[in-house]
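Please find below my notes on the model, as numbered points. They begin with one helix pair and then turn to the whole chain.

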Amino acid sequence: MLNKYARSQILFHWLTVLLLIVAYATIEFRGLAEKGTWQRNAVIITHFSAGFCVLVFMVARLYLRTRKTTPPITPTIARWQTGISHLVHTLLYVLFIVLPILGLSSRYLRGREWSLFGLNMPVATTPDPVTASMLISWHETLAPLGYWLIGLHALAAIFHHYFMRDNTLRRIMP
């Protein structure tokens, strides 16, 4: 057995990283474009579209996890480290599936025109602005958790690579 993830898993991992950079960057820098301008609209559409792709990729990654074996970490790490790793990975999967669902659902329920990849999306025939507002509030509340989880995940990979000198990081590198 190879001591790396399958090529498809590696590809989806790094594409997800790229999409998360786009999603977070667009929302952080949206203030640079004035409200009501085509530039602001392009930033928002990019954010929605990247978030949608994150959802699709995370579901695909979950599917691949059921079909592909996880390569072992060598040398073997302590059980508590494996437990923390599983917890952080679970939180990453849950967060990056839930966030896009919350965001996209809020857009649908607002009942106002919105788009993905420049294509108009359906809207609720009976808008529910109260629920839409609650969903976007949850989206905005949970989103910063992504910074912490991504940071923890990256720091752990760097720690394993440079200090523990195991193959944790090399398993997911292209």
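1. Helix α1 crosses α2 with left-handed sense. The model is a predicted one, and the remarks that follow should be read as describing that prediction.

2. The pair consists of α1, residues 7–29, and α2, residues 38–67. Their axes lie 8 Å apart and make an angle of about 155 degrees. Angles over 145 degrees count as roughly antiparallel, and α1 and α2 are therefore roughly antiparallel to each other.

3. Sorted by class, the residues in the contact of α1 with α2 are 15 nonpolar, 8 polar and 2 charged.

4. What is the order of the elements from the N terminus on? The run is α-α-α-β-β-α. In total the secondary structure has 4 helices and 2 strands.

5. On overall dimensions, the C-alpha atoms fill a box of roughly 55 × 35 × 25 Å along the principal axes. The accessible surface of the protein is about 11200 Å², and carbon and sulfur atoms account for 69% of that surface.

6. The protein has 174 residues, of which 35% are buried; buried here stands for under 20% relative accessible area.

7. As for contacts along the sequence, the count is restricted to pairs of residues at least 6 apart. Within that set, 77% of the contacts join residues at least 24 apart in sequence.

Methods:
Residues are numbered from 1 along each chain as its sequence is written. This is a predicted model: local features need pLDDT of at least 70, side-chain atom pairs count only at pLDDT 80 or more; totals for chains, interfaces and linings use all residues. Side-chain values use heavy atoms; hydrogens and water are left out. Axes are lines fitted to C-alpha atoms, for helices over the stretch in contact, and angles run from 0 to 180 degrees between N-to-C directions. Angles under 35 degrees count as roughly parallel, over 145 as roughly antiparallel, 65 to 115 as roughly perpendicular and the rest as oblique. A crossing is left-handed if the near helix is turned anticlockwise from the far one by less than a right angle, and right-handed if clockwise. Ala, Val, Leu, Ile, Met, Phe, Trp, Tyr, Cys and Pro count as nonpolar, Asp, Glu, Lys and Arg as charged, and the others, Gly among them, as polar. Buried means under 20% relative accessible area, exposed over 50%, partly exposed in between (1.4 Å probe, protein chains only). Contact means heavy atoms within 4.5 Å. Accessible areas come from the Shrake-Rupley method with a 1.4 Å probe; for residues, only the protein chains shown count as cover.
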